[in-house]
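Dear colleague,

I am handing over the structure we spoke about, and my notes on what was found in it follow directly below. Please read them with the coordinates open beside you.

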Amino acid sequence: MTSTTHSGAAPATASPAVRTVRILMNGVTGRMGKNQHLIRSILAIRAAGGIAVGPGQAIMPEPVLVGRNRSKLEALAAEHGVAEVTTDLDAALREQNAEIYFDAQLTSARTDAVRRAIAAGVHLYCEKPLAPTLGQAMDIVRLANKAGIKQGIVQDKLFLPGIVKLRRVIESGALGDLLSVRGEFGYWVYPGPDPAPQRPSWNYKANEGGGIISDMFPHWQYVLEHTVGRPMAVSARGAVHLERRIDEAGAAYRADAEDAVYASFETDRGVFVQFNSSWCVRVNRDELFELQVDGTRGSAVAGLLNCKLQSAETTPRSTWNPDLPDPIAHRAGWTPVPDVAPYDNAFRAQWELFLRHVVLDEPFPWDFLAGARGIQLAEVAHESWASRRWHDIADLPT
Ligand SMILES: NC(=O)c1ccc[n+]([C@@H]2O[C@H](COP(=O)([O-])OP(=O)(O)OC[C@H]3O[C@@H](n4cnc5c(N)ncnc54)[C@H](O)[C@@H]3O)[C@@H](O)[C@H]2O)c1
């Protein structure tokens, strides 16, 4: 057994009203695993006294850090008062009495670790994408379902305030019948050398799993499904706009993974969506991501934080006259959708629901099959680009 218990670690709580859930957290030395999942989710929940689930009752997550580099893990654990680390996943799955295996490793390392966790019979929570290919993802779906294991895939954008408000507006019926959607995501990623690029070079290399389609379409799949309907067909055109970029060592390389994609979708609610995603666009929007939904009774524009609304009653009378300045201040004609509750970090919000699912058996719809749909959308988009045609998106077998 290679687990280490740190001196000065936070003690596990012994109160009978506190239900402790031990979680093996793999990939926590990485960007997402450390910042979003360990610090802002699990440790934040612990600092708040756990998840309150009844008078005097709480669910308390207890992380065990798993990884390849013991000294990095020990430094992270010491910095944050985490009790245990290990570099031996199989031993930890056997001996750590953990109920959940969490994976935020590189996508290419996930499939193997998740298979081992399924064999050990623990519940599973994973960063997206679940696997590098749809075929591998569906294998995992089948294995996990057969083992009767609870599953969750990270779909953090659903818990961002802008998207929460957009869903509330759509579900209220305020937009009437939904007609069309325009999505804009992106910003200018410096090619380097000066200013230095703000994204890693592998993002622009096809053989290292790069490309904006596989990075962002898993997100757009669930964002669209939970707002304007599940994408049922896609037409996509990717582009490698900047073929020469500079890597972390300052060396020039040939970028061969798409840094932009211009796509259209049709959803199962009959809504037509146009969606641009680009790392080669300069921002003239309020947020780096915006989705405009137009309906018969109103329109909404949602970003990550904010959402604004224009109703049929407040829609100004625009008339086309290119000879005169437009007399209408169009941006002033929108009403912000107010915050009606404080919003937690989006990753933490979903973690709390997953922990409640594990302990209290509350519903948790964001399972591995939902994760597989995101990978499917990216794969079908690539096929559409290659064939220069619309492609249907088949229902995945359950
Ligand atoms: N939900 C989101 O918005 C979001 C955003 C970014 C990344 N992600 C996903 O999170 C996962 C991690 O991304 P990241 O940006 O944190 O990556 P990262 O490179 O910062 O971290 C990767 C982690 O995996 C570990 N690892 C295990 N095996 C490895 C190997 N063979 N080579 C290299 N590292 C290995 C590293 O030690 C590290 O802890 C990816 O699957 C990515 O798709 C999700």
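I begin with R115, which has a relative accessible area of 35% and is therefore partly exposed. Please keep in mind throughout that this is a predicted model. R115 forms a salt bridge with D139, and the closest N and O atoms of that pair are 3.7 Å apart. Because R115 belongs to helix α4 and D139 to helix α5 (residues 134-146), this contact ties together parts of the chain that are 24 residues apart in sequence. D139 is likewise partly exposed, at a relative accessible area of 33%.

D139 also forms a salt bridge with R142, where the closest N and O atoms are 3.3 Å apart. Here both residues lie in helix α5, three residues apart, which is about one turn of the helix. R142 has a relative accessible area of 46%, and since buried means under 20% and exposed over 50%, R142 is partly exposed.

Helix α4 takes part in another such contact, since the side chains of D90 and R116 meet in a salt bridge with an N to O distance of 3.1 Å. D90 lies in helix α3 (residues 89-95) and R116 in helix α4 (residues 107-120), so that parts 26 residues apart in sequence are tied together by the pair. D90, at 33% relative accessibility, counts as partly exposed, and R116, with a relative accessible area of 29%, is partly exposed as well. The structure holds 24 salt bridges, and salt bridges that share partners join R22, E62 and E84 into one network.

Turning to the aromatic side chains, a search of the whole structure finds 17 aromatic pairs. One of them is formed by F102 and Y125, whose ring centres are 5.9 Å apart and whose planes stand at 40°, so the pair is classed as tilted, the angle being neither under 30 nor over 60 degrees. This pair links distant parts of the chain, with F102 in strand β6 (residues 100-103) and Y125 in strand β7 (residues 123-126), 23 residues apart. F102 counts as buried at 0% relative accessibility, and Y125 also counts as buried at 0%. Ring pairs link F102 and Y125 with F159, W351, F354, F364 and W366 into a cluster.

Another aromatic pair, that of F185 and W220, is edge-to-face, with 5.4 Å from centre to centre and 65° between the planes. Because F185 lies in strand β9 (residues 178-186) and W220 in helix α7 (residues 212-225), the pair ties together parts that are 35 residues apart in sequence. F185 is buried, with a relative accessible area of 10%, and W220 is buried too, with a relative accessible area of 2%.

Charged side chains also meet aromatic rings: the charged end of R282 sits over the ring of W188, 3.8 Å from its centre, while K205 lies over the face of Y253, at 4.6 Å from the ring centre.

Finally, the second largest pocket contains about 300 Å³ of space. It is lined by 13 residues, of which R182, E290, Q292, V301 and R331 are the closest to its centre. Strands β9 and β15 (289-295) each supply at least two residues of this lining. Sorted by class, the lining has seven charged, three polar and three nonpolar residues.

With best regards

Key: Residues numbered from 1 in each chain as written. Predicted model: local features only at pLDDT ≥ 70, side-chain atom pairs only at ≥ 80, totals over all residues. Heavy atoms only, no water. Phe/Tyr/Trp six-rings, centres within 6.5 Å; stacked < 30°, edge-to-face > 60°. Helix = DSSP H or I, 4+ residues; strand = E, 2+ residues; numbered from the N terminus. Buried < 20%, exposed > 50% of the residue type's maximum accessible area, 1.4 Å probe, protein only. Lys NZ or Arg CZ within 6 Å of the ring centre and 35° of its normal. 1 Å grid on protein atoms, 1.4 Å probe; cavity = no way out; pocket = protein on both sides within 12 Å on 5 of 7 lines; lining within 4 Å. Points joined across faces, edges and corners; volume = space filled by probe spheres on them. Nonpolar A, V, L, I, M, F, W, Y, C, P; charged D, E, K, R; others polar. Salt bridge = Lys/Arg side-chain N within 4 Å of Asp/Glu carboxyl O.
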